[in-house]
Amino acid sequence: MEVIIQADSEQASLLAARLVSRIIKEKEKPVIGLATGSTPLLLYRFLVKMHREEGLDFSRSITFNLDEYVGLAPEHPASFHHFMWKNLFSQVNIKPENVHIPDGLASDMEAYCRQYEEDIKAAGGLDIQILGLGTDGHIGFNEPSSSLSSDTRIKTLTDQTRKDNAIFFEAEENVPYHAITMGIGTILQARICLLMAFGKKKARAVSRAVEGPVTSMVPASALQLHPRAIMLLDKEAAFKLDQIDYYHWAYEHKPEWQKF
Ligand code: GLP
């Protein structure tokens, strides 16, 4: 794992935007895995800015989102469809047919989830997967106890996750109990995994994911098994880590060719 600690979420998000934009520029058909939640908002703002001011071209990009609530229509204001179109897709030149977000209303969920996996493979696999982090250590909606080799499927949300995400709904009781999510196995197949975590409330999950044992009880700890997992943190999210000095030193002494 590469642990990068930045002073604040703005600097961390700018770094993330630089890495994503490099992939978008370099690849003939970039395949980008995207996340929702408050964490990637600044990253999306920077990507939109790069599109407007530097002509970052999304026309060849193919995107796959991690997850969606079961039972929410795409136009529901708390759906991840709505979130993605509002915060990124409507503001860049991506082709709508290249956007993939799980369908929370699919009638045959099992077949739909299998197809989602097939579509990722057919696109050539994910070049990068952007990830946030749940306070309970989840990635996507892979809650604690998720199989570390799971595929796209339906998961039941924990009480904690429903509480954390209630801010996007009018009331906590409106938060769905189920979601479709890429599995941990799906995520681990991405060529690069970029997890971002900001703020004190993520510090415990970050320390368990980075420095704790690999366990399905902390799904993000599975990233320790990935050959190119980057944990991009602000100071507050990193404050419980034991090896902070080492992570800073390693980042500051990175060889030039490894920098982004
Ligand atoms: C949700 C999403 C995750 C996200 C997490 C953290 O549960 N399914 O993909 O990482 O929330 O959200 P936030 O970034 O708002 O803290």
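Let's start at asparagine 165. A polar side-chain atom of this residue lies 3.2 Å from an oxygen atom of the ligand. Keep in mind that this is a predicted model, so every distance I quote is computed from it.

How much of the ligand's own accessible area does the protein cover? The ligand on its own has 390 Å² of accessible area, and the protein covers 94% of it.

Two more side chains make polar approaches. Histidine 138 places a polar side-chain atom 2.8 Å from an oxygen atom of the ligand. Aspartate 67 does so toward a nitrogen atom of the ligand, at 2.8 Å.

Now the rest of the shell. Gly37, Ser38 and Thr39 are among the residues around the ligand. So are Gly132, Leu133, Gly140, Phe141 and Lys202. Asp67, His138 and Asn165, already mentioned, belong to that shell too. What is its make-up by class? Seven residues are polar, two are charged and two are nonpolar. And where does the ligand sit? In the largest pocket.

On to the strands. Which order do the seven strands of the open sheet follow? Read across, the order is 1-10-9-6-2-3-5, and the pairing is parallel. At the edges are strand 1, residues 2-6, and strand 5, residues 99-100. Each of these pairs on one side only.

Take one pair from inside that order. Strand 2 covers residues 31-34 and strand 3 covers residues 62-65. Four bridges hold this pairing, in the parallel sense. For a landmark, look at valine 31: it stands opposite isoleucine 62 in strand 3.

Next, the antiparallel pairings. Strand 4, residues 67-69, pairs with strand 8, residues 178-181. The sense is antiparallel, over three bridges. Here tyrosine 69 stands opposite alanine 179 of strand 8. Note where strand 4 begins: residue 67. That is the aspartate with the polar side-chain atom 2.8 Å from the ligand nitrogen.

Strand 8 has another partner, strand 7, residues 153-156. Four bridges join these two strands, which run antiparallel. Which residue of strand 8 stands opposite lysine 155? Alanine 179. Tyrosine 69 also stands opposite alanine 179. So when you open the model, go to alanine 179 and look both ways: tyrosine 69 and lysine 155.

Key:
Residues are numbered from 1 along each chain as its sequence is written. This is a predicted model: local features need pLDDT of at least 70, side-chain atom pairs count only at pLDDT 80 or more; totals for chains, interfaces and linings use all residues. Side-chain values use heavy atoms; hydrogens and water are left out. A residue is near a molecule or strand if one of its heavy atoms lies within 4 Å of it. A polar contact is a pair of N or O atoms within 3.5 Å; within protein, one must be able to donate a hydrogen and the other to accept it, and residues adjacent in sequence count only if both atoms are side-chain atoms. Accessible areas come from the Shrake-Rupley method with a 1.4 Å probe; for residues, only the protein chains shown count as cover. On a 1 Å grid over the protein atoms alone, a cavity is a set of points where a 1.4 Å probe fits but cannot get out, and a pocket is an open set with protein on both sides within 12 Å along at least five of seven lines; lining residues have an atom within 4 Å of a point. A molecule sits in a cavity or pocket if more than half of its atoms lie within 2 Å of its grid points. Ala, Val, Leu, Ile, Met, Phe, Trp, Tyr, Cys and Pro count as nonpolar, Asp, Glu, Lys and Arg as charged, and the others, Gly among them, as polar. Two strands pair if DSSP finds at least two bridges between them.
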